[in-house]
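Student: Could you take a close look at one part of this model with me? I would like a connected account with the cut-offs spelled out.

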Amino acid sequence: MILAISSQGPTLESMVDPRFARAPYFIIYDTEKEEFEAINNSENANAMHGAGVQASQELMSHKPDIAISGNFGPRAFQVLNSSGVRTALWAEGKVSEAIELAKSNQLEFTQNANVRGHWQ
Amino acid sequence: MIKISVASGKGGTGKTTIATNLAAALSARGKHVAYLDCDVEEPNGGIFLKPTISAKSAVSVLVPQIDLEKCTFCGDCAAICEFNAIAVLKDNVIVFDSLCHSCGGCYHVCPEDAIKEVPRQIGEIQIGAANGLKFMEGRLNIGESQAPPVTRQLKRGMPASDIVIIDAPPGTSCPVIEAISNTDYLILVSEPTPFGLNDLRLAVGMARELKLPFGVIINRSDLGDNLTEDYCKNEGIEILLRIPFNRKIAEAYSDGRMACHQSDNYGENLYRLYENIAGRITND
């Protein structure tokens, strides 16, 4: 299983970022290989419009099964959802804790975007 | 035809009050006047002028429609889109219409000819008349983000008249530029407060960049501070008119009534201001 977690920093000890597409980093974690990769998202984080479209589209090359963040905007959610990526709401601690919750099936999944787009 | 635009930088300084009363004062003195409400995100000139609307027309922009039978999901269309309006996924393409700026880039780069441009309505234009003056208003639909196409279409349909008064939106970004471009003179309505001055500076920068002749009206000129006066003096900016605060005018405004009907002075001062400007425009 591959997880994509919005993160405030590039390590497993970084805090999960409450914003999805405007987080500074994404941590891509492979639960089988127990390996991770940090992706710099600063360009999308500062986009005027459509951060959610771009960030979620770029994540697709990593083929995530689950995206974890505090909030998902409407466009990011639509891209993730139509690509079959499940979206989980959690941003109460470190990336490593989010990974543990995913492994133990304790994440809560959302069926809708839970916040409005930026500038709306 | 003389085109005068009214802008402010800061919102709430009295743009619409000046624009509607200027239009009404000129019309009452025998001029053929057209008033264009280019504050398409929040047009409110009609509240005061109370026009009878005789025609409406739709404003549409072109957005991409993807033919998934032809699409190979190469991603070229998403890559060229500066506004991230297209997401190309493994076996699907999502177009976010509200982000699209209708540049046509995706349509041109698509190697499979899988993109068609289709119209999408984003607003409406209303045409009418009020006490002898011609009235036009643009209205952007709620939830839409792109005012300029509505303003552009509104200005394209500008009726023939002696004088056109253009009521611009607040701010100094694209919707304002679109409204004031190609006008003969720009009136900047400010107020003597630090906020009014800050935004006046931005508006002056915009006017200079566009090489538009302009002058300033200081509204509620007896409230606040002297910083706006000092700024104009130092910059060599003409103060066209100072309008002191008047409770009767404020009450009329909040009732949707015209200021120039409350006080003879109000309309007369604006008429004189027009003559002052018009003399210079024809002299140039």
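Which residues in the largest nonpolar core touch the most other members?

Tutor: Happy to. This is a predicted model, in which local features need pLDDT of at least 70 and side-chain atom pairs count only at pLDDT 80 or more, while totals for chains, interfaces and linings use all residues. Residues are numbered from 1 along each chain as its sequence is written, and chains are lettered from A and ligands numbered from 1 in the order in which they are written.

Now to your core. A nonpolar core here is a set of buried Ala, Val, Leu, Ile, Met, Phe, Trp, Tyr and Cys residues joined through C-beta atoms within 7 Å. Buried means that 20 or more other C-beta atoms lie within 10 Å of the residue's own; exposed means 12 or fewer, partly exposed is in between, and the C-beta atoms are placed from the backbone. The largest such core has 112 residues, and those touching the most other members are A:Ile5, B:Val6, B:Tyr35, B:Ile165, B:Ile166, B:Ile187 and B:Leu188. Helix α1 of chain B (residues 15-28) supplies the largest share of this core, seven residues. Helices (H or I, at least four residues) and strands (E, at least two) are DSSP runs, numbered from the N terminus. The core lies between domain 1 (2-59 + 122-283) and domain 2 (68-113) of chain B, because both give residues to it. Those bounds come from an automatic or database domain assignment, and the centres of the two domains of chain B, taken over C-alpha atoms, are 39 Å apart.

Let us zoom in on B:Ile166. Setting aside neighbours within four places in sequence, B:Ile166 is in contact with B:Lys3, B:Ile4, B:Ser5, B:Val6, B:Leu36, B:Cys38, B:Ala179, B:Ile180 and B:Thr183. A contact requires C-beta atoms, placed from the backbone, within 7 Å. Across chain B, 73% of the contacts with a separation of 6 or more are between residues 24 or more positions apart, and 45% of its 284 residues count as buried.

Two other residues on your list, B:Ile187 and B:Leu188, have numbers that fall in strand β9 of chain B (residues 185-190). Five bridges join β9(B) to β10(B), and the two run parallel; strands pair if DSSP finds at least two bridges between them. One of the partnerships is that of B:Leu186 with B:Phe214 in β10(B). Strand β10 of chain B (residues 214-219) is mostly covered, with five of its six residues buried. Helix α7 of chain B (residues 194-209) joins β9(B) and β10(B) in a right-handed β-α-β unit. Right-handed means that, with the strands pointing away from the viewer, the path from the first strand over the helix to the second runs clockwise.

On the other side of the pairing list, four bridges join β10(B) to strand β11 of chain B (residues 239-243), again in parallel, and B:Ile217 has B:Leu241 in β11(B) as its bridge partner. The chain crosses from β10(B) to β11(B) through helix α8 of chain B (residues 227-235), and this β-α-β crossover is right-handed.

The loop between β10 and α8 of chain B holds B:Arg220. Its phi is near 50°, a positive value in a residue other than glycine. Most residues other than glycine have a negative phi. B:Arg220 counts as buried because 20 other C-beta atoms lie within 10 Å.

Technical notes
Contact = placed C-beta atoms within 7 Å.
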